Amino acid sequence: MLVSNTRLETLEGILDRLRVDIKLNGLKNSKQREEILTVLYKSGTHLSPEEITHKIRAHDKNASISSVYRILSFLEKNGFITALETDKSGRRYEIAAKEHHDHIICIHCGDIIEFVNPEIEQMQISITKELGAKLISHDMRLFVKCSKCQGL
């Protein structure tokens, strides 16, 4: 098993794509869209809307949670970020420009570990072929009680 965090694109490349997308959609350029992408990219992890808002407020006191939610929706719809549903802590977001990976989520503390396992990936392809189907995409989430929380 490999822990995954391989980026497929630089932050500047993502921001350039965002600027083009904004122009194509006839929208005004928004500093907050870029700030949210920057926060997510630099965090290298999965953040909640509240955590994103808190990080942005460190240098922009006027940032509102409602704006962050609206922008997250836009960024997800346009493929810049992906949302991960967790049972414990709601939706968390990450940059979409990463290699495919799966998630292990602790149901107690909410920690998320990304991983890639070539054997599991191959098994999924084999199973779909056996069923006469073609695998288009998948999302594997394993819900656990992590080693840190087992002692609690």
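Before we start, one definition: helices here are DSSP runs of H or I with at least four residues, numbered from the N terminus. Keep in mind, too, that this is a predicted model.

With that in hand, let's go to helix α5, which covers residues 118-130 and contains Met123. Met123 joins Ile127 and Leu131 in a nonpolar patch on the surface, and together the three have about 330 Å² of accessible area.

Now let's turn inward. Which residues have the most contacts inside the largest nonpolar core? They are Ile36, Leu37, Leu40, Leu75 and Ile81, in a core of 24 residues. Several elements each supply at least two residues of this core: the helices α1 (11-24), α2 (31-43), α3 (49-57) and α4 (65-77), plus the strand β3 (90-95).

Let's take Ile36 as our example. Leaving aside residues up to four places away in sequence, Ile36 touches Ile52 and Ile56, and also Val68, Ile71, Leu72 and Leu75.

Last topic: the cysteines. A disulfide is a covalent bond between the sulfur atoms of two cysteines. How many disulfides does the count come to here? Zero. Let's see why, using a cut-off of 2.5 Å between the sulfur atoms. For Cys106, the closest cysteine sulfur belongs to Cys146 and lies 3.7 Å away, so that is too far for a bond. For Cys146, the closest cysteine sulfur is in Cys149, at 3.6 Å, so that is too far as well.

And are Cys106 and Cys146 buried or exposed? Cys106 is buried, with a relative accessible area of 1%. Cys146 is buried as well, at 16%.

Thanks for listening, everyone!

Note on methods. Residues are numbered from 1 along each chain as its sequence is written. This is a predicted model: local features need pLDDT of at least 70, side-chain atom pairs count only at pLDDT 80 or more; totals for chains, interfaces and linings use all residues. Side-chain values use heavy atoms; hydrogens and water are left out. Buried means under 20% relative accessible area, exposed over 50%, partly exposed in between (1.4 Å probe, protein chains only). A nonpolar core is a set of buried Ala, Val, Leu, Ile, Met, Phe, Trp, Tyr and Cys residues joined through side-chain atoms within 4.5 Å. Contact means heavy atoms within 4.5 Å. Patches are made of residues with over 30% relative accessible area and no salt bridge: like charges are joined within 9 Å, nonpolar side chains (Val, Leu, Ile, Met, Phe, Trp, Tyr) within 5 Å. Accessible areas come from the Shrake-Rupley method with a 1.4 Å probe; for residues, only the protein chains shown count as cover. A salt bridge is a side-chain nitrogen of Lys or Arg within 4 Å of a carboxyl oxygen of Asp or Glu.
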